[in-house]
Amino acid sequence: MFERAKRALAGGVSSQFRAMSAPHPMYYERALGSRVWDVDGNELLDFTLSQGPCILGHSHPELLKRVTAAIELGQLFAGQFEEEVLLAETLQRLIPSAQRIRFSSSGSEANHAALRLARYVTGKPKFIKFEGHYHGWFDNVAFGINPKREQLGVSEDPNTIAWGGGIPDELADQVVVLPWNDLTLVEEALSKHHSEIGAIITEPLMSNQGCIEPRPGYLQGLRALCDRFDVALIFDEIITGFRLDLGGAQTHFGVTPDLSVFGKALACGFPLSALVGKERFMSPLERNEVYHGGTLNANNASIAAALATVDILERDDAKAHRHLVEQGKELRDRLGTLGRDLEVPLLVQGPGPMFHVGFTARSEVTEYRDTLDYDTATYGKFVSYMLAQNVRLIGRGLWYISSAHTAEDVDLCLKAAEKALYTMIERQEVERVG
Ligand code: PLP
(Lines give C-alpha, C1' and ligand atoms only; values in the text may rest on other atoms or scores of the structure.)
Protein backbone atom coordinates (compact mmCIF):
# COMPACT_ATOMS: atom_id res chain seq x y z
CA MET A 1 0.00 0.00 0.00
CA PHE A 2 2.87 2.36 0.83
CA GLU A 3 4.44 1.77 -2.58
CA ARG A 4 1.13 2.47 -4.27
CA ALA A 5 0.34 5.50 -2.09
CA LYS A 6 3.72 7.10 -2.83
CA ARG A 7 2.87 7.24 -6.51
CA ALA A 8 -0.17 9.42 -5.75
CA LEU A 9 0.17 11.01 -2.30
CA ALA A 10 3.34 13.06 -1.71
CA GLY A 11 5.43 10.79 0.49
CA GLY A 12 2.49 8.40 0.71
CA VAL A 13 0.77 10.52 3.40
CA SER A 14 -1.38 13.60 4.01
CA SER A 15 0.61 15.01 6.96
CA GLN A 16 4.33 15.08 7.67
CA PHE A 17 3.66 13.57 11.10
CA ARG A 18 2.17 10.44 9.54
CA ALA A 19 5.34 9.89 7.51
CA MET A 20 7.21 9.39 10.77
CA SER A 21 5.73 6.07 11.86
CA ALA A 22 8.13 3.13 11.70
CA PRO A 23 8.93 1.02 9.74
CA HIS A 24 6.93 2.96 7.14
CA PRO A 25 3.66 4.93 7.12
CA MET A 26 0.82 2.65 8.15
CA TYR A 27 -2.47 2.12 6.31
CA TYR A 28 -5.70 1.33 8.13
CA GLU A 29 -9.09 -0.10 7.34
CA ARG A 30 -11.26 0.42 10.38
CA ALA A 31 -11.24 1.30 14.06
CA LEU A 32 -13.43 0.62 17.08
CA GLY A 33 -12.97 1.51 20.73
CA SER A 34 -9.32 1.11 21.71
CA ARG A 35 -8.46 -0.84 18.52
CA VAL A 36 -7.52 -0.08 14.92
CA TRP A 37 -7.14 -2.65 12.14
CA ASP A 38 -4.46 -2.17 9.52
CA VAL A 39 -4.74 -3.20 5.88
CA ASP A 40 -2.92 -6.45 6.65
CA GLY A 41 -5.69 -7.35 9.06
CA ASN A 42 -3.68 -6.79 12.26
CA GLU A 43 -5.75 -5.69 15.24
CA LEU A 44 -3.76 -3.03 17.09
CA LEU A 45 -4.27 -1.73 20.61
CA ASP A 46 -4.06 2.00 20.00
CA PHE A 47 -2.36 4.58 22.21
CA THR A 48 -2.04 7.17 19.44
CA LEU A 49 -5.78 7.90 19.27
CA SER A 50 -5.22 9.61 15.93
CA GLN A 51 -2.63 11.94 17.57
CA GLY A 52 -4.96 12.65 20.46
CA PRO A 53 -8.47 13.48 19.24
CA CYS A 54 -10.27 10.17 19.82
CA ILE A 55 -10.85 10.74 23.53
CA LEU A 56 -13.88 8.40 23.56
CA GLY A 57 -11.98 5.81 21.54
CA HIS A 58 -12.71 5.14 17.89
CA SER A 59 -16.17 5.00 16.33
CA HIS A 60 -18.06 5.59 19.58
CA PRO A 61 -21.55 4.29 18.67
CA GLU A 62 -23.55 7.11 20.29
CA LEU A 63 -21.31 9.76 18.79
CA LEU A 64 -21.60 8.29 15.28
CA LYS A 65 -25.37 8.00 15.66
CA ARG A 66 -25.70 11.62 16.69
CA VAL A 67 -23.43 12.80 13.86
CA THR A 68 -25.40 10.72 11.34
CA ALA A 69 -28.69 12.15 12.57
CA ALA A 70 -27.29 15.68 12.36
CA ILE A 71 -26.01 15.41 8.80
CA GLU A 72 -29.28 14.05 7.57
CA LEU A 73 -30.48 17.63 8.06
CA GLY A 74 -27.55 19.12 6.11
CA GLN A 75 -23.77 19.12 6.23
CA LEU A 76 -22.82 22.79 6.02
CA PHE A 77 -25.21 25.72 6.22
CA ALA A 78 -22.44 28.33 6.14
CA GLY A 79 -24.90 30.15 8.29
CA GLN A 80 -25.67 29.74 11.94
CA PHE A 81 -27.68 26.99 13.60
CA GLU A 82 -28.87 26.22 17.08
CA GLU A 83 -26.42 23.42 17.86
CA GLU A 84 -23.50 25.74 17.07
CA VAL A 85 -24.84 28.26 19.58
CA LEU A 86 -25.49 25.46 22.08
CA LEU A 87 -21.89 24.25 21.77
CA ALA A 88 -20.60 27.80 22.27
CA GLU A 89 -22.79 28.12 25.37
CA THR A 90 -21.46 24.79 26.62
CA LEU A 91 -17.87 25.99 26.22
CA GLN A 92 -18.77 29.20 28.06
CA ARG A 93 -20.02 27.08 30.94
CA LEU A 94 -16.97 24.81 31.04
CA ILE A 95 -14.00 27.03 30.20
CA PRO A 96 -13.14 29.96 32.50
CA SER A 97 -11.77 32.27 29.77
CA ALA A 98 -14.56 31.57 27.26
CA GLN A 99 -16.54 34.80 27.25
CA ARG A 100 -16.79 34.63 23.45
CA ILE A 101 -16.07 31.78 21.01
CA ARG A 102 -15.26 31.31 17.32
CA PHE A 103 -15.06 27.90 15.65
CA SER A 104 -12.55 26.86 12.98
CA SER A 105 -11.51 23.49 11.59
CA SER A 106 -7.96 23.05 12.89
CA GLY A 107 -5.74 24.07 15.76
CA SER A 108 -3.28 25.78 13.43
CA GLU A 109 -5.98 28.13 12.18
CA ALA A 110 -7.29 28.94 15.63
CA ASN A 111 -3.80 29.77 16.92
CA HIS A 112 -3.35 32.00 13.88
CA ALA A 113 -6.50 33.91 14.79
CA ALA A 114 -5.45 34.15 18.45
CA LEU A 115 -2.14 35.80 17.57
CA ARG A 116 -3.82 38.19 15.14
CA LEU A 117 -6.25 39.32 17.83
CA ALA A 118 -3.53 39.63 20.47
CA ARG A 119 -1.42 41.79 18.18
CA TYR A 120 -4.33 44.01 17.30
CA VAL A 121 -5.61 44.53 20.83
CA THR A 122 -2.21 45.23 22.38
CA GLY A 123 -0.94 47.11 19.33
CA LYS A 124 2.35 45.19 19.61
CA PRO A 125 3.64 42.95 16.80
CA LYS A 126 5.99 40.46 18.47
CA PHE A 127 5.22 37.45 20.61
CA ILE A 128 7.00 35.01 22.89
CA LYS A 129 6.83 31.30 22.12
CA PHE A 130 8.75 28.54 23.83
CA GLU A 131 11.33 26.03 22.64
CA GLY A 132 9.80 22.69 21.73
CA HIS A 133 6.22 23.97 21.73
CA TYR A 134 4.17 23.25 18.63
CA HIS A 135 1.29 25.54 17.77
CA GLY A 136 0.55 24.22 14.30
CA TRP A 137 2.40 24.36 11.06
CA PHE A 138 1.66 27.92 9.90
CA ASP A 139 4.56 30.26 9.11
CA ASN A 140 4.35 32.69 12.01
CA VAL A 141 4.63 30.01 14.72
CA ALA A 142 6.90 27.59 12.86
CA PHE A 143 10.01 28.49 14.86
CA GLY A 144 11.81 26.77 17.71
CA ILE A 145 9.76 23.59 17.34
CA ASN A 146 12.49 20.98 17.38
CA PRO A 147 15.87 22.67 16.99
CA LYS A 148 18.94 20.52 17.28
CA ARG A 149 21.26 21.03 20.25
CA GLU A 150 23.90 22.79 18.16
CA GLN A 151 21.30 25.23 16.80
CA LEU A 152 19.89 26.33 20.16
CA GLY A 153 22.13 29.16 21.32
CA VAL A 154 22.23 30.32 24.94
CA SER A 155 19.14 30.00 27.14
CA GLU A 156 19.01 33.75 27.78
CA ASP A 157 18.81 34.51 24.06
CA PRO A 158 18.06 31.41 21.97
CA ASN A 159 18.29 31.33 18.20
CA THR A 160 15.02 31.50 16.31
CA ILE A 161 15.22 28.36 14.18
CA ALA A 162 12.66 27.88 11.42
CA TRP A 163 10.86 24.52 11.17
CA GLY A 164 12.11 23.45 7.75
CA GLY A 165 12.17 25.38 4.50
CA GLY A 166 9.88 27.92 2.87
CA ILE A 167 9.38 30.09 5.96
CA PRO A 168 10.31 33.74 5.35
CA ASP A 169 13.37 34.81 7.37
CA GLU A 170 11.79 38.13 8.26
CA LEU A 171 9.07 36.36 10.27
CA ALA A 172 11.75 35.31 12.75
CA ASP A 173 12.01 38.97 13.80
CA GLN A 174 8.45 38.77 15.15
CA VAL A 175 9.13 35.79 17.39
CA VAL A 176 11.01 35.73 20.67
CA VAL A 177 11.82 32.09 21.42
CA LEU A 178 12.61 31.21 25.05
CA PRO A 179 13.11 28.01 27.05
CA TRP A 180 9.93 27.05 28.91
CA ASN A 181 9.38 26.79 32.66
CA ASP A 182 11.82 29.56 33.57
CA LEU A 183 9.98 32.67 34.72
CA THR A 184 13.14 34.74 35.11
CA LEU A 185 13.90 34.47 31.39
CA VAL A 186 10.39 35.67 30.52
CA GLU A 187 10.61 38.53 32.98
CA GLU A 188 13.95 39.61 31.53
CA ALA A 189 12.66 39.48 27.96
CA LEU A 190 9.55 41.47 28.83
CA SER A 191 11.43 44.01 30.89
CA LYS A 192 13.60 44.76 27.87
CA HIS A 193 11.12 44.36 25.02
CA HIS A 194 7.60 44.81 26.42
CA SER A 195 6.91 47.76 24.15
CA GLU A 196 7.06 45.38 21.17
CA ILE A 197 5.76 42.09 22.65
CA GLY A 198 1.98 41.69 22.49
CA ALA A 199 1.52 38.02 23.37
CA ILE A 200 2.89 34.97 25.08
CA ILE A 201 1.67 31.75 23.51
CA THR A 202 2.23 28.56 25.46
CA GLU A 203 0.91 25.11 26.01
CA PRO A 204 -0.10 25.22 29.69
CA LEU A 205 1.43 21.77 30.04
CA MET A 206 4.15 21.05 27.52
CA SER A 207 2.48 18.00 26.03
CA ASN A 208 4.23 17.59 22.70
CA GLN A 209 7.75 17.07 23.99
CA GLY A 210 8.30 15.26 27.26
CA CYS A 211 4.79 15.91 28.63
CA ILE A 212 6.19 18.43 31.07
CA GLU A 213 4.15 19.93 33.91
CA PRO A 214 4.57 23.65 34.57
CA ARG A 215 6.72 24.34 37.65
CA PRO A 216 4.63 25.43 40.64
CA GLY A 217 3.81 29.11 40.15
CA TYR A 218 5.03 29.25 36.55
CA LEU A 219 1.65 29.80 34.87
CA GLN A 220 0.59 32.18 37.65
CA GLY A 221 3.86 34.03 37.07
CA LEU A 222 3.20 34.29 33.33
CA ARG A 223 -0.27 35.64 34.11
CA ALA A 224 1.15 38.29 36.43
CA LEU A 225 3.83 39.33 33.91
CA CYS A 226 1.24 39.61 31.14
CA ASP A 227 -0.93 41.83 33.34
CA ARG A 228 2.05 43.97 34.29
CA PHE A 229 3.25 44.53 30.73
CA ASP A 230 -0.09 44.52 28.84
CA VAL A 231 0.65 41.29 27.03
CA ALA A 232 -2.01 38.78 25.95
CA LEU A 233 -1.64 35.35 27.54
CA ILE A 234 -2.61 32.66 25.03
CA PHE A 235 -3.02 29.06 26.16
CA ASP A 236 -2.77 26.50 23.39
CA GLU A 237 -5.06 23.84 24.83
CA ILE A 238 -5.20 21.70 21.69
CA ILE A 239 -3.90 18.71 23.67
CA THR A 240 -4.78 19.64 27.26
CA GLY A 241 -8.35 20.70 26.42
CA PHE A 242 -11.03 18.21 27.59
CA ARG A 243 -8.26 15.73 28.30
CA LEU A 244 -6.66 17.17 31.44
CA ASP A 245 -9.99 18.55 32.59
CA LEU A 246 -13.27 19.34 30.85
CA GLY A 247 -12.47 22.99 31.53
CA GLY A 248 -8.95 22.58 30.15
CA ALA A 249 -5.61 23.17 31.82
CA GLN A 250 -6.85 26.61 32.82
CA THR A 251 -9.33 24.93 35.18
CA HIS A 252 -6.82 22.30 36.28
CA PHE A 253 -4.15 24.87 37.18
CA GLY A 254 -6.50 27.72 38.08
CA VAL A 255 -4.94 30.27 35.73
CA THR A 256 -7.16 32.13 33.27
CA PRO A 257 -5.58 33.16 29.96
CA ASP A 258 -6.86 35.98 27.73
CA LEU A 259 -7.28 33.75 24.71
CA SER A 260 -7.12 30.01 24.32
CA VAL A 261 -7.41 27.43 21.63
CA PHE A 262 -9.10 24.03 21.77
CA GLY A 263 -9.20 21.26 19.17
CA LYS A 264 -8.34 17.56 18.99
CA ALA A 265 -10.49 15.97 21.74
CA LEU A 266 -13.17 18.65 21.36
CA ALA A 267 -14.89 16.84 18.48
CA CYS A 268 -13.34 13.39 18.97
CA GLY A 269 -11.85 13.06 15.49
CA PHE A 270 -14.04 15.46 13.52
CA PRO A 271 -12.43 18.67 12.24
CA LEU A 272 -13.21 21.36 14.79
CA SER A 273 -11.27 23.88 16.81
CA ALA A 274 -12.43 26.67 19.06
CA LEU A 275 -10.81 30.00 19.77
CA VAL A 276 -12.18 31.21 23.08
CA GLY A 277 -11.35 34.39 24.91
CA LYS A 278 -12.15 37.33 27.03
CA GLU A 279 -14.42 40.02 25.68
CA ARG A 280 -11.57 42.53 25.34
CA PHE A 281 -9.66 40.22 23.00
CA MET A 282 -12.61 38.81 21.04
CA SER A 283 -14.54 42.05 20.52
CA PRO A 284 -12.52 43.20 17.46
CA LEU A 285 -14.22 40.31 15.63
CA GLU A 286 -17.62 41.65 16.68
CA ARG A 287 -16.70 45.13 15.41
CA ASN A 288 -15.29 43.77 12.13
CA GLU A 289 -11.90 45.24 12.90
CA VAL A 290 -10.09 41.89 12.77
CA TYR A 291 -11.05 39.14 10.34
CA HIS A 292 -11.41 35.43 10.84
CA GLY A 293 -12.90 33.14 8.20
CA GLY A 294 -13.19 29.57 7.02
CA THR A 295 -15.68 28.03 4.59
CA LEU A 296 -15.99 24.82 6.58
CA ASN A 297 -16.09 26.45 10.03
CA ALA A 298 -18.74 24.97 12.37
CA ASN A 299 -19.79 22.30 9.91
CA ASN A 300 -22.75 20.27 11.10
CA ALA A 301 -20.96 16.95 11.59
CA SER A 302 -18.20 18.48 13.73
CA ILE A 303 -20.60 20.48 15.89
CA ALA A 304 -22.74 17.39 16.49
CA ALA A 305 -19.62 15.37 17.30
CA ALA A 306 -18.45 17.96 19.82
CA LEU A 307 -21.85 18.17 21.53
CA ALA A 308 -21.91 14.38 21.79
CA THR A 309 -18.31 14.21 23.04
CA VAL A 310 -18.81 16.74 25.81
CA ASP A 311 -22.13 15.16 26.74
CA ILE A 312 -20.66 11.66 27.01
CA LEU A 313 -17.60 12.87 28.95
CA GLU A 314 -19.69 14.90 31.40
CA ARG A 315 -22.60 12.59 32.13
CA ASP A 316 -22.92 10.58 35.36
CA ASP A 317 -20.62 12.89 37.22
CA ALA A 318 -18.01 12.76 34.42
CA LYS A 319 -17.70 8.98 34.70
CA ALA A 320 -16.11 8.53 31.26
CA HIS A 321 -13.59 11.28 31.91
CA ARG A 322 -12.73 9.97 35.35
CA HIS A 323 -12.25 6.51 33.86
CA LEU A 324 -9.75 7.69 31.26
CA VAL A 325 -7.81 9.67 33.86
CA GLU A 326 -7.67 6.62 36.16
CA GLN A 327 -6.60 4.23 33.40
CA GLY A 328 -3.98 6.69 32.21
CA LYS A 329 -2.49 7.10 35.68
CA GLU A 330 -2.52 3.36 36.23
CA LEU A 331 -0.72 2.67 32.97
CA ARG A 332 1.74 5.52 33.52
CA ASP A 333 2.60 4.36 37.04
CA ARG A 334 2.95 0.70 36.17
CA LEU A 335 5.15 1.46 33.15
CA GLY A 336 7.37 3.53 35.45
CA THR A 337 7.55 0.68 37.96
CA LEU A 338 8.33 -1.81 35.20
CA GLY A 339 11.25 0.30 34.01
CA ARG A 340 12.62 0.57 37.56
CA ASP A 341 12.17 -3.18 38.22
CA LEU A 342 14.02 -4.08 35.03
CA GLU A 343 16.67 -1.47 35.76
CA VAL A 344 16.36 0.26 32.42
CA PRO A 345 16.47 4.06 32.11
CA LEU A 346 12.81 4.44 31.23
CA LEU A 347 11.36 7.81 32.20
CA VAL A 348 7.56 8.02 32.28
CA GLN A 349 6.09 11.42 33.08
CA GLY A 350 2.91 13.39 32.54
CA PRO A 351 -0.49 13.83 34.12
CA GLY A 352 -2.09 10.51 33.06
CA PRO A 353 -4.71 11.28 30.38
CA MET A 354 -1.56 11.72 28.31
CA PHE A 355 2.02 11.03 29.31
CA HIS A 356 5.45 10.63 27.79
CA VAL A 357 7.71 7.60 27.73
CA GLY A 358 11.38 7.76 26.80
CA PHE A 359 14.83 6.44 27.58
CA THR A 360 17.04 8.87 29.46
CA ALA A 361 19.34 8.85 32.46
CA ARG A 362 17.46 11.91 33.76
CA SER A 363 15.03 11.48 36.63
CA GLU A 364 12.94 14.36 35.31
CA VAL A 365 12.63 16.44 32.17
CA THR A 366 11.60 20.05 32.81
CA GLU A 367 12.10 21.82 29.49
CA TYR A 368 12.90 21.22 25.83
CA ARG A 369 16.70 21.22 26.24
CA ASP A 370 16.37 18.28 28.66
CA THR A 371 14.39 16.32 26.07
CA LEU A 372 17.40 16.33 23.77
CA ASP A 373 18.93 13.74 26.11
CA TYR A 374 16.24 11.21 25.22
CA ASP A 375 17.68 8.24 23.38
CA THR A 376 15.23 8.30 20.50
CA ALA A 377 16.86 5.37 18.65
CA THR A 378 16.28 3.08 21.64
CA TYR A 379 12.69 4.30 21.97
CA GLY A 380 12.25 3.59 18.24
CA LYS A 381 13.25 -0.02 18.90
CA PHE A 382 10.79 -0.23 21.79
CA VAL A 383 8.01 1.09 19.51
CA SER A 384 8.86 -1.57 16.90
CA TYR A 385 8.77 -4.37 19.49
CA MET A 386 5.42 -3.06 20.71
CA LEU A 387 4.05 -2.92 17.17
CA ALA A 388 5.22 -6.50 16.61
CA GLN A 389 2.92 -7.35 19.55
CA ASN A 390 0.07 -5.32 18.05
CA VAL A 391 0.38 -2.21 20.22
CA ARG A 392 0.37 1.06 18.29
CA LEU A 393 2.41 3.93 19.76
CA ILE A 394 3.44 7.39 18.61
CA GLY A 395 7.14 7.33 17.68
CA ARG A 396 8.09 10.44 19.63
CA GLY A 397 6.95 9.07 22.99
CA LEU A 398 3.58 10.70 23.69
CA TRP A 399 0.86 8.27 24.82
CA TYR A 400 -2.86 9.05 24.76
CA ILE A 401 -5.61 7.22 26.68
CA SER A 402 -9.31 7.17 25.82
CA SER A 403 -12.41 6.38 27.83
CA ALA A 404 -12.64 3.18 25.74
CA HIS A 405 -9.41 1.76 27.19
CA THR A 406 -10.15 -0.92 29.77
CA ALA A 407 -8.21 -2.37 32.68
CA GLU A 408 -7.59 -5.42 30.42
CA ASP A 409 -6.08 -3.12 27.76
CA VAL A 410 -3.74 -1.71 30.39
CA ASP A 411 -2.68 -5.24 31.48
CA LEU A 412 -2.18 -6.31 27.89
CA CYS A 413 -0.06 -3.29 27.12
CA LEU A 414 2.09 -3.85 30.20
CA LYS A 415 2.69 -7.47 29.24
CA ALA A 416 3.78 -6.34 25.79
CA ALA A 417 6.03 -3.65 27.28
CA GLU A 418 7.63 -6.17 29.63
CA LYS A 419 8.33 -8.54 26.76
CA ALA A 420 9.69 -5.71 24.60
CA LEU A 421 12.03 -4.58 27.37
CA TYR A 422 13.21 -8.13 28.14
CA THR A 423 14.03 -8.61 24.45
CA MET A 424 15.94 -5.35 24.38
CA ILE A 425 17.88 -6.30 27.52
CA GLU A 426 18.72 -9.73 26.08
CA ARG A 427 19.92 -8.20 22.82
CA GLN A 428 21.78 -5.48 24.69
CA GLU A 429 19.74 -2.83 22.90
CA VAL A 430 19.14 -0.89 26.10
CA GLU A 431 21.57 0.09 28.84
CA ARG A 432 21.00 -1.12 32.40
CA VAL A 433 21.08 1.29 35.31
CA GLY A 434 21.31 0.81 39.04
N1 PLP B 1 -1.21 23.08 19.07
C2 PLP B 1 -0.81 21.93 19.63
C3 PLP B 1 -0.36 21.92 21.05
C4 PLP B 1 -0.82 20.75 18.88
O5 PLP B 1 -0.40 19.59 19.44
C6 PLP B 1 -1.27 20.80 17.54
C7 PLP B 1 -1.29 19.57 16.73
O8 PLP B 1 -0.76 18.55 17.06
C9 PLP B 1 -1.67 22.02 17.01
C10 PLP B 1 -1.64 23.14 17.81
C11 PLP B 1 -2.13 22.11 15.60
O12 PLP B 1 -3.42 21.62 15.48
P13 PLP B 1 -3.92 21.07 14.06
O14 PLP B 1 -3.09 19.89 13.74
O15 PLP B 1 -5.36 20.75 14.31
O16 PLP B 1 -3.74 22.19 13.09
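This report describes the overall build of a predicted model and then turns to its two open sheets and the helices that pack on one of them.

**The chain as a whole**

The protein chain contains 12 helices and 14 strands, and its C-alpha atoms fill a box of roughly 65 × 55 × 50 Å along the principal axes. A compact globule of 434 residues would be expected to have a radius of gyration near 22 Å, and because the protein chain has 21 Å, the two values agree. Of the 434 residues, 56% count as buried, while the protein chain exposes about 18,900 Å², of which carbon and sulfur atoms supply 50%. When contacts between residues at least 6 apart in sequence are considered, 70% of them join residues at least 24 apart.

**The sheet of 7 strands**

One open sheet consists of 7 strands in the order 4-10-9-8-7-5-6, and its pairing is mixed. Strand 4 (100–104) and strand 6 (175–178) stand at the edges with a single partner strand each, so one side of each is left without a neighbour in the sheet. On average, and with direction ignored, neighbouring strands of this sheet are turned by 20° against each other.

Within this sheet, strand 8 and strand 9 pair in the parallel sense, and F235 has S260 of strand 9 as its bridge partner. Helix 6 (residues 218–229) packs on the sheet, where it touches strand 5, strand 7 and strand 8, and its direction makes about 145° with that of strand 8. Helix 5 (residues 183–193), in turn, lies across strand 5 (126–130), strand 6 and strand 7 (197–202), and it runs at about 160° to strand 7.

**The sheet of 3 strands**

A further open sheet has 3 strands in the order 11-12-14, with antiparallel pairing. Its edge strands are strand 11 (346–349) and strand 14 (398–400), each of which pairs on one side only. Neighbouring strands here are turned by 25° against each other on average, again with direction ignored. Strand 11 pairs with strand 12 in the antiparallel sense, and the bridge partner of V348 in strand 12 is V357.

**Two strand pairs side by side**

The table sets out one pair from each sheet.

| Strand pair | Residues given | Sense | Bridges |
|---|---|---|---|
| Strand 8 and strand 9 | 232–236 and 259–262 | parallel | 3 bridges |
| Strand 11 and strand 12 | 354–359 (strand 12) | antiparallel | 4 bridges |

In general, the strands of a sheet pair through backbone hydrogen bonds, in either a parallel or an antiparallel manner.

Note on methods:
Residues numbered from 1 in each chain as written. Predicted model: local features only at pLDDT ≥ 70, side-chain atom pairs only at ≥ 80, totals over all residues. Heavy atoms only, no water. Pairing = 2+ DSSP bridges. Helix = DSSP H or I, 4+ residues; strand = E, 2+ residues; numbered from the N terminus. Axes fitted to C-alpha atoms, helices over the stretch in contact; angles between N-to-C directions. Contact = heavy atoms within 4.5 Å. Rg over C-alpha atoms; globule rule 2.2 N^0.38 Å. Buried < 20%, exposed > 50% of the residue type's maximum accessible area, 1.4 Å probe, protein only. Areas by Shrake-Rupley, 256 points an atom, 1.4 Å probe, with all protein chains shown as cover.
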